[in-house]
Protein chains: 2
Amino acid sequence: MRNIALKLMYNGAGYHGWQVQKNASSVCETLEKAIGKVCGGPVHLTGCGRTDAGVHAERYIANFRTESRIPIDRLPFAVNTHTPEDIAVLQAYEVPEGFNAIGSCVKKEYTYRIFNSRFKNPFYVNRAYFYPKRLDEALLDEAARQFEGTHDFRAVRNVGTETKSTVRTIHWCRVSRNGDLLELRVCANGFLYNMVRSITGTVLYAAEGKLRPEDIPAILERGDRTLAGPTVPPGGLYLTRLWYEDERLHG
Amino acid sequence: MRNIALKLMYNGAGYHGWQVQKNASSVCETLEKAIGKVCGGPVHLTGCGRTDAGVHAERYIANFRTESRIPIDRLPFAVNTHTPEDIAVLQAYEVPEGFNAIGSCVKKEYTYRIFNSRFKNPFYVNRAYFYPKRLDEALLDEAARQFEGTHDFRAVRNVGTETKSTVRTIHWCRVSRNGDLLELRVCANGFLYNMVRSITGTVLYAAEGKLRPEDIPAILERGDRTLAGPTVPPGGLYLTRLWYEDERLHG
């Protein structure tokens, strides 16, 4: 049985997330159907993480097992013929039997994009969070850095999925500006449900004077979700980088 | 009676064009409703041109008459409160009684964007035309230049709207590449129905070896639509620049 990893990209605006329980269109399901056509039978796809409805992936890794003999370099083109334009398979790799897109993932980076301009930009709809009041990126960055390190992050997650532990390690959490676009980049060994969107909401609270950057460690300490900022909308969120032991899957 | 011109921007993906006859959502209608709320009564909006379903505008001018006394600099913010995120009013101007967004327009530039990469990009859905085979921009540019000048353009229009004459002057028609993005920019004193999309289809025919750039003058001469290339999809088309005698409205 071959184990195949796919490097892909998707625009989440039209989907109810990577995976769904009920009858709604998901990226995973759409891809499984396309791969099934190419490989001549149903496949089960394991993704590197569950992105929410409306969340995007500039990079995503998923793996599946198949008996199909299709040459590995033919696979991306073949699958792309059967997927809609908002999902693209970029590359395919043969991976060892034990490889698992989520279990083998060492760390991930998400980026939250804020369009910070007086006027909305019609071309950022569902792609960045529109925030008309001028934001001070230095203050946002100071607030963001408070999340770095190993902490219990239950103050910035929403209840939804079960996890054994709510402790994670954030390798970096930084804010930078590129013209009217602000980016919060956060890299961690794992993420809790809605964690990046809650961190972003908390960082924006700091910009709005609703809390001070130096209040954040105590909010994490107390673990009280109501003290942190709101969960910002999904359209600004992108999975942007992934790290695996297998360096071919990086990037 | 005040005559007010609005400079605006819209993402056409969700609309049946600037203006529609039947019961479908149009940019014009959406804006008229929003302005009506702000100005306290129905308004009639005149646009600088009729963009088709799915076509975008990075720049667009429209005007309307009103008795409302709302300060001119308050108007963009007020109208934006009532429009969806895919339509943005950038600025408002008091214009002379005789001003008319279409009649007073001196020339316009449209840009057609082609995403020319081996793999589709999910973030260009409805925003650029995906063309996977590598295109030679020098050849495309050579073909595009054949359209420059004053000609009868009936070979590159679709039947749909009546016009007295099918003669127009194209000031420039050029192709350039920026990474994976090709842009065909065409500026003219006026455009026929589907003219830019037919020109782009014809230029792509040249890239595909289905005609030679030097065949284009004869195609225009003969005025036979069937000799020119196909009408490419609307999502790649943007109204990008406008010129008026009133320089405030330029850009």
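## Accessibility and model

A residue counts as buried when its relative accessible area is under 20%, as exposed when that area is over 50%, and as partly exposed in between. The model described here is predicted.

## The contact between chain A and chain B

Chain A and chain B each bring 28 residues to the contact. About 2,300 Å² is buried between the two chains, and carbon and sulfur atoms account for 67% of that area. On the side of chain B, the residues that lose the most area to chain A are B:Glu85, B:Lys120 and B:Phe123; together they make up 35% of what that side buries.

The contact has zero salt bridges between chain B and chain A. There are, however, 10 residue pairs in polar contact between the two chains, counting pairs in which both residues have pLDDT 80 or more. Four elements of chain B give two or more residues to the side that touches chain A: β1 (2-10), β3 (56-66), α2 (75-80) and β4 (87-94). Of these, β4(B) gives the most, with four residues. Sorted by class, the side of chain B that touches chain A consists of 17 nonpolar, five polar and six charged residues.

## Symmetry of the two copies

A turn of 180 degrees with a shift of 0.0 Å along the axis lays chain B on chain A with an RMSD of 0.0 Å. This is the relation of a two-fold axis. In chain B, the C-alpha nearest the axis belongs to B:Phe123 and lies 5.3 Å from it. B:Phe123 is also one of the residues of chain B that lose the most area to chain A. Both copies use the same surface, since 100% of the contact residues of chain B recur in chain A.

## Salt bridges

Over all chains, the structure holds 26 salt bridges. One of them pairs the side chains of A:Arg2 and A:Glu94, at 2.5 Å from N to O. A:Arg2 belongs to strand β1 (residues 2-10) of chain A and A:Glu94 to strand β4 (residues 87-94) of chain A, so this pair ties together parts that are 92 residues apart in sequence. A:Arg2 has a relative accessible area of 19% and is therefore buried, whereas A:Glu94, at 36% relative accessibility, is partly exposed.

A:Arg154 and A:Asp152 form another salt bridge, with 2.9 Å between the closest N and O atoms. Both partners fall in the middle class: A:Arg154 is partly exposed at 34% relative accessibility, and A:Asp152 is partly exposed with a relative accessible area of 25%. In the salt bridge of A:Lys210 with A:Glu208, the closest N and O atoms are 3.2 Å apart. A:Lys210, at 53% relative accessibility, counts as exposed because its value is over 50%. A:Glu208 has a relative accessibility of 33% and counts as partly exposed. Elsewhere, A:Glu58, A:Glu109, A:Arg113, A:Glu183 and A:Arg185 are joined into one network by salt bridges that share partners.

## The loop between β5 and β6

A:Asn126 is not a glycine, yet it has a positive phi of about 65 degrees. This residue is placed in the loop between β5 (105-115) and β6 (129-130) of chain A. A:Asn126 is partly exposed, with a relative accessible area of 44%. In chain B, B:Asn126 likewise has a positive phi of about 65 degrees although it is not a glycine, and its place is the loop between β5 (105-115) and β6 (129-130) of that chain. B:Asn126 counts as partly exposed, at 45% relative accessibility.

The loop between β5 and β6 of chain A also holds A:Ser117. In contrast to the partly exposed A:Asn126, A:Ser117 counts as buried, with 16% relative accessibility. Leaving aside residues up to four places away in sequence, A:Ser117 touches A:Phe130, A:Tyr131, A:Pro132 and A:Asp180.

Key. Residues numbered from 1 in each chain as written. Chains lettered and ligands numbered in written order. Predicted model: local features only at pLDDT ≥ 70, side-chain atom pairs only at ≥ 80, totals over all residues. Heavy atoms only, no water. Contact = heavy atoms within 4.5 Å. Buried area = accessible area lost by both parts, 1.4 Å probe. Salt bridge = Lys/Arg side-chain N within 4 Å of Asp/Glu carboxyl O. Polar contact = N/O pair within 3.5 Å; in protein donor to acceptor, adjacent residues only side chain to side chain. Nonpolar A, V, L, I, M, F, W, Y, C, P; charged D, E, K, R; others polar. Least-squares fit on C-alpha atoms with pLDDT ≥ 70 in both. Buried < 20%, exposed > 50% of the residue type's maximum accessible area, 1.4 Å probe, protein only.
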